[in-house]
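Student: I have a protein chain to study, and I would like to work through its packing and its charged pairs step by step. Could we look at it together?

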Amino acid sequence: MNETLKTILTRRSTRKFLHKPIPAEDLDLIVQAALHAPSGMGKQTWQFTVVKNRDKIQKLAAVIGEVLGREGYDMYAPEVLVIPSNEKESRFGREDDACAMENIFLAAHSLGIGSVWINQLQNICDDPKIRAELTALGIPADHVVYGLAALGYPDDVKSEKARIGKVVVVE
C-alpha cells in the first residue's frame with residue numbers, strides 16, 4: 001500500500017492531546033496542504049488563521065461554551081487551532097473549507113500530529129461574543145467559520161473502527 005493511502009486509512013480523530021509544541025516547519029507544511037486544497041472555480045476565498053497561543057484558544061473555547069450552554073467546554077485543549085474561514089457570500093465556501101480541513105487532517109497525521117474537527121461555530125459566528133473573539137484573532141467580519149482543526153500530539157490510542165457506510169457499484 002502506498003503512503004498516501006496508508007495515511008488516509010489510518011487517520012483517526014484525536015480528542016486528547018499532549019502539551020507538546022508543534023514545530024513551526026510542520027505547521028507550515030500543514031497550512032501549505034490546506035492552501036493546496038480544491039477550491040470551487042479556483043476562487044480561494046478562504047483565510048487560514050493559525051492560533052498557537054493556548055490561552056487564546058481556551059478563551060475562544062470558553063466563549064463558545066458560554067454561547068452554547070456547555071460549561072467547561074475546551075475543544076479538547078489542543079496545542080494549535082487552524083481556523084479556515086471563508087467569505088459569507090462565497091458560493092462554495094463550505095465545500096472549499098471542508099476540502100481544506102481534510103488536507104489539514106491528512107497532512108497532520110502524516111507528520112504524527114493528531115487532529116479533530118470542531119464544528120460548533122458554523123451557526124453562531126455572528127453572535128456578538130463569538131464575533132468579538134473571531135475579530136480579535138484577525139478573522140474578517142464578512143467571514144464564516146464552518147469548522148476548526150484542533151491539532152496536537154495524540155495522548156490516546158485509537159483502534160481500527162469498522163466502516164459501515166454503504167457502497168453501491170453500478171456497471
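Tutor: We begin with a definition: a crossing of helices is left-handed if the near helix is turned anticlockwise from the far one by less than a right angle, and right-handed if clockwise. Please keep in mind throughout that this is a predicted model.

Student: Is the crossing of α2 and α4 left-handed or right-handed?

Tutor: Helix α2 covers residues 24-35 and helix α4 covers residues 93-110, and the two pack with their axes 8 Å apart at an angle of about 145°. With the definition above in mind, the crossing of α2 and α4 is right-handed.

Student: Which residues of α2 and α4 make the contact?

Tutor: Both helices contribute side by side to the list, and on the α4 side we find Ala100, Asn103, Ile104, Ala107 and Ala108. On the α2 side, the residues that make the contact are Ile30, Ala33 and Ala34.

Student: Turning to charges, how many salt bridges does the count come to?

Tutor: Side chains of opposite charge can pair when their charged atoms come close. The rule asks for a side-chain nitrogen of Lys or Arg within 4 Å of a carboxyl oxygen of Asp or Glu. By this rule the count comes to eight.

Student: How many residues apart are Lys16 and Asp155, which form a salt bridge?

Tutor: The closest N and O atoms of Lys16 and Asp155 are 4.0 Å apart. Lys16 sits in the loop between α1 and α2, while Asp155 belongs to the segment after β5, so that this pair links distant parts of the chain. Along the chain, the two are 139 residues apart.

Student: Does Glu133, the salt-bridge partner of Lys59, count as buried or exposed?

Tutor: Glu133 lies in helix α5 and Lys59 in helix α3, and their side chains meet with an N to O distance of 3.9 Å. Buried means under 20% relative accessible area. Because the relative accessibility of Glu133 is 14%, this residue counts as buried.

Student: What is the distance between the closest N and O atoms of Asp156 and Lys158?

Tutor: Asp156 is partly exposed, with a relative accessible area of 24%, and Lys158 is likewise classed as partly exposed, at 39%. In the salt bridge that joins Asp156 and Lys158, the closest N and O atoms are separated by 3.6 Å.

Student: Finally, what accessible area do Met1, Leu5, Ile8 and Leu9 have together?

Tutor: Met1, in the segment before α1, is exposed, with a relative accessible area of 73%. Together with Leu5, Ile8 and Leu9, Met1 forms a nonpolar patch on the surface, and their combined accessible area is about 430 Å².

How values were computed:
Residues are numbered from 1 along each chain as its sequence is written. This is a predicted model: local features need pLDDT of at least 70, side-chain atom pairs count only at pLDDT 80 or more; totals for chains, interfaces and linings use all residues. Side-chain values use heavy atoms; hydrogens and water are left out. Patches are made of residues with over 30% relative accessible area and no salt bridge: like charges are joined within 9 Å, nonpolar side chains (Val, Leu, Ile, Met, Phe, Trp, Tyr) within 5 Å. Accessible areas come from the Shrake-Rupley method with a 1.4 Å probe; for residues, only the protein chains shown count as cover. Helices (H or I, at least four residues) and strands (E, at least two) are DSSP runs, numbered from the N terminus. Buried means under 20% relative accessible area, exposed over 50%, partly exposed in between (1.4 Å probe, protein chains only). Axes are lines fitted to C-alpha atoms, for helices over the stretch in contact, and angles run from 0 to 180 degrees between N-to-C directions. Contact means heavy atoms within 4.5 Å.
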